[in-house]
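User: I am new to this structure and would like a close look at one part of it, with the surroundings explained step by step. Please take your time over the answer.

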Amino acid sequence: NGNRGHVSHADAITSNSIAHADANTSKKKKVVVLGTGWAGMSFLKNLKNPNYEVEVVSPRNFFVFTPLLPSVTCGKVEARSIVEPIRNIIRKKNIDVSYCEAECIRIDPANKKIYCRNARTSMNANAKRGEEFAVGYDYLIIAVGAQVNTFNTPGVEGNCHFLKEIEDAQKIRRNVIESFEKASLPNLSEEERKKILHFVVVGGGPTGVEFSGELRDFVNQDVLKLYPTVQHLVKITVVEATDHILNMFDKRITKFAEGKFLRDDIDVKLGSMVTKISENEISTREKGSDKPTSMPYGMVLWSTGIGARPLIKEFMKQIGQGNRRALATDEWLRVEGCDSIYALGDCATINQRKVVEDIAEILKRADTDNSGTLTVKKFREVMKDVIARYPQVKIYMESKRVKDFVDILMEAKGKAAKETIELSIEEFKSALSVADSKMKNLPATAQVANQQGAYLAKCFNRMEECEKNPEGPPRFRGTGRHRFQPFRYRHLGQFAPLGGEKTAAQLPGDWVSIGHSSQWLWYSIYASKQVSWRTRALVVSDWIRRFIFGRDASG
Ligand code: FAD
Ligand code: MG
Ligand code: MG
Ligand code: MG
Ligand code: MG
């Protein structure tokens with residue numbers, strides 16, 4: 001290994017000082033990263049500290065730009081344009097990184113080891129496959145993402161398409177084209193053609209909505225020319241269990257999307273739960289009725305949410321986290337109940353600290369004269385630290401549209417006496433516990449995974465400092481110079497492409513924009529977010545090709 005033989009000046013100095021500190025740690029610390037998705041890749045791209053030996057373990061030897069997966073399903077973008085080989089990324093790093101194509105099947109935190117199995121089915125029948133091997137680590141970074149959640153609905157596995165991996169998008173594309181070819185055969189009845197061309201999308205979240213829009217565009221722009229005899233038989237249905245599609249977005253976006261789908265002749269069935277899917281029929285139960293209805297379909301995309309992978313479920317049991325939705329970490333992304341293990345992205349969730357848990361300590365610091373009350377001046381001082389440490393307080397203040405927390409406390413008392421009044425500690429407590437109720441889990445998005453990867457890499461880049469503060473930063477501002485900030489998410493906004501060159505954008509500060517202009521914003525942001533110039537060039541040329549020549553309907 002070329003990297004390992006080379007000792008730079010900086011390396012020599014650090015390994016020297018480590019050697020002085022402890023003779024046993026002169027070897028590079030080994031960091032094992034599980035996963036080559038958004039979180040793992042972001043960590044890798046941002047890691048600069050040469051004092052580690054990094055080993056990436058993942059069954060997938062490429063990164064997928066998931067926001068463009070729906071574009072692959074109908075041929076707007078080619079599959080190879082949105083993937084980047086992991087070895088291309090590693091090649092560009094000048095730190096010690098290697099890759100191992102395998103799936104982690106078990107974690108042994110007591111012995112700091114993981115167990116892996118080669119993931120690829122070999123062409124050679126004699127080749128040994130699936131043999132287990134162990135990999136030791138000093139630090140383990142779990143970024144294995146999540147898997148599709150079927151909610152144990154009968155028939156989903158086996159009859160539905162999913163849209164999670166690049167192979168899924170390719171399969172959907174082949175199936176869409178196959179449906180049109182099949183429906184164009186001469187020996188079919190009108191009913192049979194209609195059934196084949198009934199596309200059902202289960203789940204009105206961003207993925208399901210975007211796929212419906214893509215499919216509608218494909219039908220309007222290309223099917224019209226390529227399969228003119230069957231175009232009028234196409235039906236697209238979106239089945240959503242709640243009262244609205246895109247319900248994680250602003251109400252204005254939801255309303256616009258529902259209106260647009262109505263005009264586009266996409267049938268949106270709200271308050272409708274899928275109970276069963278057989279080979280030919282999909283059964284649903286409408287809200288407020290217990291009689292299931294069913295409809296024939298040609299193809300179903302199941303896109304209702306994600307759940308934990310078996311590896312993570314098993315690991316949670318092992319470390320006493322029980323049966324949770326995702327692996328719990330603290331705000332520094334350290335897995336709770338483990339040593340030297342970090343988790344980020346879709347497989348993990350941050351246990352945010354409640355203010356109420358620390359209230360005694362906060363009060364002790366604030367109420368210096370032990371009077372049981374606080375002056376407004378003192379209270380404001382305390383709040384500065386509280387706001388910095390507990391993000392839910394800021395969210396609460398924003399929701400109340402106040403800049404000064406005192407205003408919230410004054411609601412009952414009347415604002416006249418604001419600067420002179422004394423605040424009772426009970427009032428203080430109850431106002432902060434309301435703030436705690438505003439805590440929300442971060443969404444399972446690439447944006448979160450990407451920021452977490454970059455944050456953790458920064459921690460590893462400054463690990464020497466971090467290790468001096470093993471308990472994380474002191475809880476309050478102004479104490480200690482080597483503060484290590486907890487992870488803070490910065491929401492940069494969210495897009496919902498709706499088809500017809502229209503996109504809804506929800507940007508920070510309640511800013512909503514819908515239409516062609518946000519579609520162009522979408523194009524430019526997604527071009528700029530590509531991991532490499534190679535994929536950027538491919539994606540942009542795919543867009544141009546589609547504008548000029550339409551979609552490719554072979555396959
Ligand atoms: P992933 O990116 O899923 O990566 C997990 C990695 O772990 C993979 O490389 C996998 O092969 C590997 N792995 C799995 N099991 C093991 C194992 N046992 N051992 C080792 N490695 C393993 N988010 C947005 O912010 N904006 C969007 O527009 C958007 N659009 C999306 C569209 C679609 C169709 C989908 C499916 C998702 C979209 N997302 C979007 C969500 C986003 O893709 C995820 O939140 C993000 O991928 C999470 O990153 P991750 O690294 O946690 O997991
Ligand atoms: Mg990952
Ligand atoms: Mg990914
Ligand atoms: Mg994913
Ligand atoms: Mg998460």
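Which helices and strands each supply at least two residues of the shell around ligand 1?

Analyst: This is a predicted model, and what follows should be read with that in mind. Five elements each supply at least two residues of the shell around ligand 1, namely helix H3 (38-46), strand S2 (52-58), helix H4 (69-73), strand S5 (96-108) and helix H17 (446-461). Of these, H17 gives the largest share of the shell, with three residues.

The shell as a whole holds 31 residues, and the closest to ligand 1 are Ala39, Thr66, Cys104, Asp346 and Ala446. Sorted by character, the shell residues divide into 16 nonpolar, 10 polar and five charged. In terms of domains, ligand 1 lies between domain 1 (28-146 + 308-349) and domain 2 (156-307 + 492-549), because both of them give residues to its shell.

Some of the atoms around ligand 1 can be followed one by one. The side chain of Thr66 places an N or O atom 2.5 Å from an oxygen atom of ligand 1. At Cys104 the backbone takes part, with an N or O atom 2.9 Å from a nitrogen atom of ligand 1. The backbone of Thr445 likewise has an N or O atom 3.4 Å from an oxygen atom of ligand 1. Taken alone, ligand 1 would expose 1,000 Å², and the protein buries 89% of that area.

Helix H3, one of the elements that supply the shell, is itself largely enclosed by the rest of the structure, because seven of its nine residues are buried. The buried residues of H3 are Trp38, Ala39, Gly40, Met41, Ser42, Phe43 and Leu44, and Ala39 is also among the residues closest to ligand 1.

Strand S5, another of the contributors to the shell, can be followed outward to a pair of charged side chains. Side chains of opposite charge can pair when their charged atoms come close. Glu132 and Arg106 meet in a salt bridge through their side chains, at 3.1 Å from N to O. This pair links distant parts of the chain, since Arg106 is in strand S5 and Glu132 is in strand S7 (residues 132-136), 26 residues apart. Both partners count as partly exposed, Glu132 at 41% relative accessibility and Arg106 with a relative accessible area of 39%.

Just beyond the stretch of S5 comes Lys112, which lies in the loop between S5 and strand S6 (113-118). Its phi is near 50°, a positive value in a residue other than glycine. Lys112 is partly exposed, with a relative accessible area of 27%. Leu246 also has a phi near 50°, again a positive value in a residue other than glycine, and is found in the loop between strand S11 (235-239) and helix H10 (251-263). Leu246, however, is buried, with a relative accessible area of 0%.

To place the pair in S5 and S7 in a wider setting, a search of the whole structure finds 24 salt bridges. In another of them, Arg380 pairs with Asp404, the closest N and O atoms being 2.8 Å apart. Arg380 lies in helix H13 and Asp404 in the loop between helix H14 (391-399) and helix H15 (405-413), so the pair ties together parts that are 24 residues apart in sequence. Arg380 counts as partly exposed at 28% relative accessibility, whereas Asp404 counts as buried at 17%. Helix H13 (residues 376-389) also contains Glu381, which is partly exposed with a relative accessible area of 47%. The C-alpha atom of Glu381 is separated by 8.3 Å from that of Ala366, a residue 15 positions away along the chain.

A salt bridge can also stay within one helix. Glu426 forms one with Lys429, with 3.7 Å between the closest N and O atoms. These two residues are separated by about one helical turn, because they are three residues apart in helix H16 (residues 425-436). Glu426 is exposed, with a relative accessible area of 52%, while Lys429 is partly exposed at 31%. Finally, Glu78, Arg173, Asp542 and Arg545 are linked in a network of salt bridges.

Methods. Residues are numbered from 1 along each chain as its sequence is written. Chains are lettered from A and ligands numbered from 1 in the order in which they are written. This is a predicted model: local features need pLDDT of at least 70, side-chain atom pairs count only at pLDDT 80 or more; totals for chains, interfaces and linings use all residues. Side-chain values use heavy atoms; hydrogens and water are left out. Helices (H or I, at least four residues) and strands (E, at least two) are DSSP runs, numbered from the N terminus. Buried means under 20% relative accessible area, exposed over 50%, partly exposed in between (1.4 Å probe, protein chains only). A residue is near a molecule or strand if one of its heavy atoms lies within 4 Å of it. A polar contact is a pair of N or O atoms within 3.5 Å; within protein, one must be able to donate a hydrogen and the other to accept it, and residues adjacent in sequence count only if both atoms are side-chain atoms. Accessible areas come from the Shrake-Rupley method with a 1.4 Å probe; for residues, only the protein chains shown count as cover. Ala, Val, Leu, Ile, Met, Phe, Trp, Tyr, Cys and Pro count as nonpolar, Asp, Glu, Lys and Arg as charged, and the others, Gly among them, as polar. Domain bounds come from an automatic or database domain assignment. A salt bridge is a side-chain nitrogen of Lys or Arg within 4 Å of a carboxyl oxygen of Asp or Glu.
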